[in-house]
Structure formats: C-alpha cells, structure tokens
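Biologist: I would like to learn how to read a model like this one at the level of single residues. Could we go through it together?

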Amino acid sequence: MLHEFTDFYTGVVQPNRTNADLLLETDVKQLLTNRDQYNHTVTPRVDICDVERCIRNLKRHKVAGHDNVTSEHLLFGGPHLTVHLTLLFNSMIHHCFVPNDFCNGIILPVLKSKRGDATKVDMYRGIITLSPVISKVFESVLLHLYDEFLSSDSLQYGFKKNSSCSHALFTVSESVRYFTKKGSRVYCAFLDASKAFDKVLHNGIYKKLLDRGAPVTFVHLLKNWYGNLRCRVRWNNVPGEPFVVKCGVRQGGVLSPYLLYILTILLFS
C-alpha cells in the first residue's frame, strides 16, 4: 500500500499543464532580473521579540516532523535557543536560503469516509504534511514581516482566522435578498477549485507577489524553499521513498493559506 500511496501523491503534486508553469517561470525570471537591477530595499531584521511571540503561539501535543523536534522543545528551550533562532532566521532572510530539512515533509493519508473502500488510494486524503516545527516558526516570522503583501480582500473568507463558511453564506444570502427586493435578477457563478492546495503553481505565486511589489529577497527565499520541496508518505509508521513536489503548498503550513489567496487572485485577475 505504501508504494501505491507514493505513486498517487507523486502524480498529485505535478502541474496540470506544464506549459502554463513554464510561461509563468519566464515572466518571473524577467521580473526578477528587472527588479534586481534597481532593487534598493533594505532587508528587514527579525527581532527576538517576534521569535518569542511566534514560539509562544505554537500548539502543544502535535506530531513531530522527520527531525523528531516538537513544539515543546521550543516552548521550554529557554532564551538562549530563541537568540540562536533569531540569528539563524536573519541569516536565512539575508541570504535567501533555507536548510534542506525545511524542504522535507511527511504526508499522512487519512481515510475520507469509514464507509469507503479502504483498499483504494483515492479514498484517502493527505490531510497534513508534517514539517519541522522550526520551519513553522520561521513561516510565522515571515508572515509578520511581509503580511502587507499576503493580505486578501475583506470578502475573502476561506482559510482566515475568525471567519468561516457561515460568513460567506450570510454575505451571499443578504446580497441576494437586497437585490431581489429591488426587483432585480441575481445571477451566481460557482467555481470548484479541485485540489487547490495541491495544484498551486509556484511561479504563479512568485509572479503575483512581484506584481504586488513584494521585495525580491522574499521572492528569492520562497523560490529557494518551494523549488526544493520533497515529500514522502508515512504509512503504519513506515516512511516511503521521497519524491519531488513541483506544485502546491503544504497542508498545515503557516504561509499556505496566504499563498492560496495569491492563487485566487491569479484565477480572477
């Protein structure tokens, strides 16, 4: 079963259209070349207080990544650990580089329905990608530093804190009620973005960030990170062979929902 899962998820994280990603890659290279020539942006510095806050916000009793480091290790690691992480994060942002361990993840397949056929791989969902907890802290720090380039419209409710499907339903129902009372007709269009998390084009994300004026250092950092993503499936505590992730954002990643917003903007721009 492990080999079947590996083959299945290897196919999932491939772009639907290779040509589309290649075209975007060409655009990104051109934008980066132009921006690099005239870039005078000062690289932001990570403050130790930011790292402390991100560590305090970690959830406890979570499964460790492939390095076996848990949230509790950081929460009770003491101030010296926070100082070293701050120095590490500043160096990573300055050099636009992340360690190879940050790029590795573990997929845990979860059965979609107990009534389904448990022998079929498409009845399972890769509900989470386990990543090193230090990389999650780093993502939280990046979110704090570059949040203005990762914001979305106020009417975007998905994957946002303190918002849910009920808010979207209320907005739609109230809008329909308002216009129908005025005697107008209301037309709705629905788009089901199948496997949205798994099919995000990386170069599409970079292009939209550059279009929004994001610093080239941030884009180069993401390119180094997402350009070297690797995953392996863990089934019955047995890890499978690693495979390359050519598209998609990681389930459970701190930045993933915000990068998914970028995909939404790309679809409707």
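Modeller: We will go through helices, core packing, aromatic pairs and cysteines in turn. This is a predicted model, in which local features need pLDDT of at least 70 and side-chain atom pairs count only at pLDDT 80 or more, while totals for chains, interfaces and linings use all residues. Residues are numbered from 1 along each chain as its sequence is written, and side-chain values use heavy atoms, with hydrogens and water left out.

Biologist: Let us begin with helix 5: what span should its residues have, and how far apart are its end C-alpha atoms?

Modeller: Helices (H or I, at least four residues) and strands (E, at least two) are DSSP runs, numbered from the N terminus. The expected span of a helix is 1.5 Å times one less than its number of residues. Helix 5 covers residues 79-95, and its 17 residues should therefore span 24 Å, which agrees with the 25 Å between its end C-alpha atoms. Helix 6, with 13 residues, reaches 19 Å from its first C-alpha to its last, close to the 18 Å expected. Just after helix 5, cysteine 96 takes a positive phi of about 55 degrees.

Biologist: Which residues of helix 5 are buried, and which are exposed?

Modeller: Buried means under 20% relative accessible area, exposed means over 50%, and partly exposed is in between, using a 1.4 Å probe and protein chains only. In helix 5 the buried residues are Thr82, Leu85, Thr86, Phe89, Asn90, Met92 and Ile93. These buried residues cover an arc of only 160 degrees around the axis, which puts them on the same side of helix 5; the arc is that of the directions from the helix axis to the C-beta atoms. His80, His84, Leu87, His94 and His95 are exposed on the other side of helix 5.

Biologist: What do the buried residues of helix 5 pack against?

Modeller: Contact means heavy atoms within 4.5 Å. The buried residues of helix 5 pack against helix 3 (48-56), helix 4 (71-75), helix 6 and helix 10. Phenylalanine 89, which lies in helix 5, is buried at 0% relative accessibility. Leaving aside its neighbours within four places in sequence, phenylalanine 89 is in contact with Val46, Val51, Ile134, Val137, Phe138 and Val141. The C-alpha atoms of phenylalanine 89 and serine 135 are separated by 9.8 Å, although these residues are 46 residues apart along the chain.

Biologist: And which members of the largest nonpolar core touch the most other members?

Modeller: A nonpolar core is a set of buried Ala, Val, Leu, Ile, Met, Phe, Trp, Tyr and Cys residues joined through side-chain atoms within 4.5 Å. The largest one has 56 residues, of which Phe89, Phe138, Leu142, Leu209 and Trp225 touch the most other members. Phe138 and Leu142 are among the buried residues of helix 6. With neighbours within four places in sequence left aside, phenylalanine 138 is in contact with Phe89, Met92, Ile93, Val98, Phe102, Leu221 and Trp225.

Biologist: How many aromatic pairs are there?

Modeller: Rings of Phe, Tyr and Trp (its six-membered ring) pair if their centres lie within 6.5 Å; planes under 30 degrees apart count as stacked, over 60 as edge-to-face and the rest as tilted. By this rule there are eleven aromatic pairs. One of them is tilted and joins phenylalanine 5 and tryptophan 235, at 4.9 Å centre to centre and with 50 degrees between the planes. Phenylalanine 5 lies in helix 1 (residues 2-12) and tryptophan 235 in strand 3 (residues 230-235), so the pair ties together parts that are 230 residues apart in sequence. Phenylalanine 5 is buried at 0% relative accessibility, whereas tryptophan 235 is partly exposed at 21%. Tyrosine 146 and phenylalanine 218 form a stacked pair, 4.2 Å centre to centre with 10 degrees between the planes. Phe5, Phe8, Tyr9, Tyr124 and Trp235 form one aromatic cluster.

Biologist: How many disulfides does the structure hold?

Modeller: A disulfide is a pair of cysteine sulfur atoms within 2.5 Å, and the structure holds zero of them. The sulfur of cysteine 49 is 11 Å from the closest cysteine sulfur, in cysteine 54, and this is too far for a bond. Cysteine 49 is partly exposed, at 47% relative accessible area. For cysteine 247, the closest cysteine sulfur is in cysteine 231, at 12 Å, again too far for a bond, and cysteine 247 is buried at 1% relative accessibility.
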